[in-house]
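Me: I would like to learn how to read metal sites and overall architecture from a set of coordinates. Could we go through an example together, one feature at a time?

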Amino acid sequence: MKPLPREFNILEIERKWQTKWEETGTYHFDSGDKKRLSFSIDTPPPYPSGDFHMGNVLNWTYFDIAARYKRMRGFNVFFPQGWDCHGLGIEVQAEKENKVRKREIPPDKFRKLCEVLVNKYIAIMKEAVVRLGISIDWTTEYRTMNPDYWRRTQLSFILLHKKGLMYQGTHPINWCPRCETAIADAEVNYDQREGTLHYIKFPLEDSKDSLTIATTRPELIPACVAVAINPTDDRFNKHIGKKIIVPIVNRAVQIIPDETVDPEFGTGVVMICTYGDKADVKTVLHHKLKPIIILAGDGRINASGGKYAGLTTDEAKKAIVGDLSKEGLLVKTERITQEIGTCDRCESPVEILELKQWFMRTRALTDDVEKTANKVVWYPDYMKTRLIDWARSLDWDWVISRQRVFGTPIPVWYCENCGEVILADENWVPMDPKLENPGIKKCPKCGRTEFVPEKDVFDTWMDSSISCAVHAGWPDSKDWRRLFPADMHPSGIDIIRTWAYYLMVRHLALFNETPYKSCLINGMVLGLDGRKMSKSLKNYVAAPEVVNKYGADASRQWAAAGGATGSDIPFRWPDVEYAKRFMTKLWNASAFVSGLLKDYEPDEKARHALQPLDKWILSKTEKLTQTVTEALDKCQFNIAMEEIRNFTWHVFCDCYIEAVKDKLYKPEVYGKAKRRAAQYTLHTVLHRLLQVLAPIMPHLTEEIYQTMYSEEKKFKSVHLSSWPIPDAKLVDEEAEKEGEAIMAVITEIRREKSEKHMPLNTPISKLTVYAGSEKSAHTLLKGKEDIAGTCKVENLEILPKEGEGREISLRGIRFVAKY
Ligand SMILES: [Zn+2]
Ligand SMILES: [Zn+2]
């Protein structure tokens with residue numbers, strides 16, 4: 001066995017192995033190997049943001065541990081990586097960096113700017129993923145902005161369209177006026193913001209009386225289509241059915257009953273506008289009111305807004321409040337905190353507009369989603385309700401068209417004459433209808449020959465929500481069902497509503513089958529102040545800062561040990577520092593062991609001479625393996641990490657190595673057989689520790705394994721070695737009890753020495769141990785040599801009776817040491 005050097009440079013070690021693993025294809029999926037079962041991971045393709053944060057470290061570490069564990073368990077692991085390029089964030093950033101607005105330059109020029117940015121960001125993120133030691137098979141890398149991926153997204157749309165699951169409609173949609181695009185419910189966040197509640201008089205028709213309404217959005221008064229009152233509100237319900245005049249526009253509208261009106265809020269009289277919020281949408285639909293849309297896509301008042309046309313909503317608000325005030329209709333104002341929907345990408349308040357859009361008929365699949373989600377294995381289990389609750393809460397179908405440039409084109413044209421939708425043929429894709437004509441000469445409906453292309457593109461989730469099928473090789477590979485459904489889909493708790501949901505609904509629609517068999521959920525990373533880590537809260541730590549300082553293995557330990565899977569994990573520097581200290585401990589112990597094993601030839605026969613302490617730790621090692629295996633089977637990474645760390649540090653290093661050192665140095669005293677038995681034990685236990693640690697700390701374990709074990713074990717890498725299958729037969733409770741008692745005596749003597757400020761190798765001229773019983777004395781006698789050798793006892797006496805002296809905790813054993 002080669003000796004391990006005393007010093008190590010973790011950053012160098014990590015770099016070295018990352019390069020070697022890639023060069024030798026250590027993590028490649030072997031498609032030719034059909035003997036081993038495959039295990040496919042649906043790696044979520046991230047948005048290239050150019051930013052790899054501790055949340056990414058947490059979630060990549062989780063699924064990489066799973067991948068490495070399964071690989072060692074003998075699975076042919078398929079671990080792909082793609083990039084979900086068409087994010088709205090990229091457009092926003094491309095505009096900022098290049099100081100352009102996308103509408104002001106030709107679309108293909110703007111696309112190019114986005115592509116340059118995406119490639120720059122991918123390079124940064126890929127480097128971070130590699131630096132973290134993630135065992136991706138990089139031969140699978142793909143980008144959703146490439147035409148070959150467009151083809152898959154477009155094909156899936158065509159297939160779903162043919163199934164009647166895609167439709168065009170004019171419905172209320174969430175709209176970001178800054179980004180000038182429709183956005184889905186999942187892209188709307190709800191924020192508490194300060195606002196002003198305006199109390200405004202609405203005159204009753206044919207009466208001198210008026211009712212006062214309260215609204216935070218007086219600028220929408222021109223879009224008022226009704227006034228609502230709770231029918232149980234005795235103050236006002238007598239007015240239901242009458243008409244009331246909308247000020248500013250002097251239009252009469254109906255006073256309608258609506259149970260959802262809260263009589264306690266504002267005045268209890270509510271104006272219904274098209275649209276102030278989602279409640280308005282429901283009321284308008286319920287009462288079949290005709291909407292008046294006064295907002296244009298750029299967030300300005302349109303021609304229906306009369307004299308306010310052209311103003312922004314803020315300007316219109318000021319102008320209308322001023323006019324109301326002049327007319328004496330503004331009763332009062334008060335400050336309130338209100339919840340408003342904001343754009344996930346730019347944080348601007350979202351408006352609700354009515355525009356013609358493409359939708360996927362997702363709500364029709366809600367029962368299916370629920371049924372399937374219940375069959376999926378969730379880590380942790382309670383996360384499935386998040387998906388089900390989200391699916392059940394959706395009021396609208398998924399709006400899949402976006403008024404953007406950087407996205408997969410919707411493969412559709414319209415007949416210029418009759419408006420007939422011309423859907424691309426499955427064989428025409430990938431293509432951009434703006435650049436190509438349909439492969440037919442004339443409109444099938446009216447026979448005319450002029451077509452207009454669809455200019456909208458798909459929501460980026462339309463690309464990424466077919467990843468399970470695409471990873472498996474759909475539609476090109478005949479064999480794609482081999483890797484479908486994915487065995488594991490990993491997701492952050494915050495994107496269950498998008499990633500996990502869209503994957504589910506999309507694949508159910510396409511293939512009538514679940515896309516993933518299990519779903520691994522990670523929580524959020526909390527900053528040093530206990531709040532969710534984010535740049536805007538200034539509690540942010542960038543991943544490279546941690547990895548460059550302490551290395552990937554320490555960062556991965558933080559992720560694994562930070563808390564239960566699915567819970568929020570705080571980031572704390574001391575946790576990473578502790579992880580680094582653990583690595584130093586393991587390294588030093590390994591280097592020391594490699595010295596002790598210099599002359600050792602692996603030999604199972606050495607087992608015949610195993611001593612109580614050897615049997616004790618071998619049995620405990622077996623139990624550790626069992627616990628870690630069970631924990632990793634259940635994705636309980638924190639349990640695995642803590643068990644291994646405690647065992648390595650306290651049982652293996654602090655106890656066992658200390659207790660057998662003497663034996664290894666003095667074969668003449670103990671005899672060769674016992675020495676070899678101790679060497680066998682050290683050799684076995686350290687190898688086992690490297691194996692169970694390998695999924696969590698891939699670099700350091702590889703370095704130690706390659707130096708000390710690879711020649712003998714013949715595996716190209718510790719990561720390609722077979723996971724130790726726990727063997728209950730090797731657990732020896734009796735030996736554990738005996739070893740425990742002997743170890744307790746040694747530990748207590750060492751403690752006494754350190755309390756007396758003596759060096760641990762201070763000789764004890766006479767040690768009397770009062771075992772308290774025959775049985776206990778019998779046990780301790782088996783460890784007499786170990787106790788004497790480790791504690792430097794010249795004259796050791798073990799007596800079965802009870803006696804005086806220092807007590808060994810809770811064992812009824814006492815001892816007196818004369819120095
Ligand atoms: Zn926006
Ligand atoms: Zn036509």
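Me: Is Cys443 buried or exposed, and what is its relative accessible area?

Reply: The model is a predicted one, and in it Cys443 has a relative accessible area of 3%. Buried means under 20%, so Cys443 counts as buried.

Me: How does Cys446 read on that scale, buried, partly exposed or exposed?

Reply: Cys446 has a relative accessibility of 32%, and because the range between 20% and 50% is called partly exposed, that is the class into which Cys446 falls.

Me: Which protein atoms are the donors of the zinc ion (ligand 2)?

Reply: The zinc ion (ligand 2) takes its protein donors from the SG atoms of Cys415, Cys418, Cys443 and Cys446, which lie 2.2 to 2.4 Å from it. Along the sequence these donor residues follow the pattern C-x2-C-x24-C-x2-C.

Me: What geometry does the site of the zinc ion (ligand 2) have, and how should I judge its angles?

Reply: The general reference is that four tetrahedral donors ideally subtend 109.5 degrees at a metal. Here the angles among the four donor atoms run from 101 to 116°, and the site of the zinc ion (ligand 2) is tetrahedral.

Me: Which residues coordinate the zinc ion (ligand 1)?

Reply: The zinc ion (ligand 1) is coordinated through the SG atoms of Cys176, Cys179, Cys343 and Cys346, at 2.2 to 2.4 Å. Its site is tetrahedral, with angles of 103 to 121° among the four donor atoms, and the spacing of the donors along the chain is C-x2-C-x163-C-x2-C.

Me: Where in the chain do Cys179 and Cys346 sit?

Reply: Cys179 belongs to the loop between strand 5 (166-176) and strand 6 (181-183), whereas Cys346 belongs to the loop between strand 13 (330-343) and strand 14 (351-360), so that the pair, 167 residues apart, links distant parts of the chain. Cys179 is itself buried, at 2% relative accessibility.

Me: What do contacts across the protein say about sequence separation?

Reply: If one takes the contacts between residues at least 6 apart in sequence, 78% of them join residues at least 24 apart. The secondary structure comprises 24 helices and 29 strands, and the C-alpha trace spans about 115 × 65 × 45 Å along its principal axes.

Me: How many residues does the protein have, and what share of them is buried?

Reply: The protein has 819 residues, of which 56% count as buried. It exposes about 34800 Å², with carbon and sulfur atoms supplying 51% of that area. As for charge, there are 117 positive and 114 negative side chains, and the centres of the two sets lie 2 Å apart.

Conventions: Residues are numbered from 1 along each chain as its sequence is written. Chains are lettered from A and ligands numbered from 1 in the order in which they are written. This is a predicted model: local features need pLDDT of at least 70, side-chain atom pairs count only at pLDDT 80 or more; totals for chains, interfaces and linings use all residues. Side-chain values use heavy atoms; hydrogens and water are left out. Helices (H or I, at least four residues) and strands (E, at least two) are DSSP runs, numbered from the N terminus. Buried means under 20% relative accessible area, exposed over 50%, partly exposed in between (1.4 Å probe, protein chains only). Contact means heavy atoms within 4.5 Å. Accessible areas come from the Shrake-Rupley method with a 1.4 Å probe; for residues, only the protein chains shown count as cover. Lys and Arg count as positive and Asp and Glu as negative; His and the chain ends are not counted. The place of a charge is taken as NZ of Lys, CZ of Arg, CG of Asp or CD of Glu. Donors are N, O and S atoms within 2.8 Å of the metal (3.2 Å for Na, K and Ca); water is not among the atoms, so sites may look incomplete. Four donors count as tetrahedral if all angles lie between 85 and 135 degrees; four count as square planar and six as octahedral if opposite donors are over 155 degrees apart and all others between 65 and 115; anything else is irregular.
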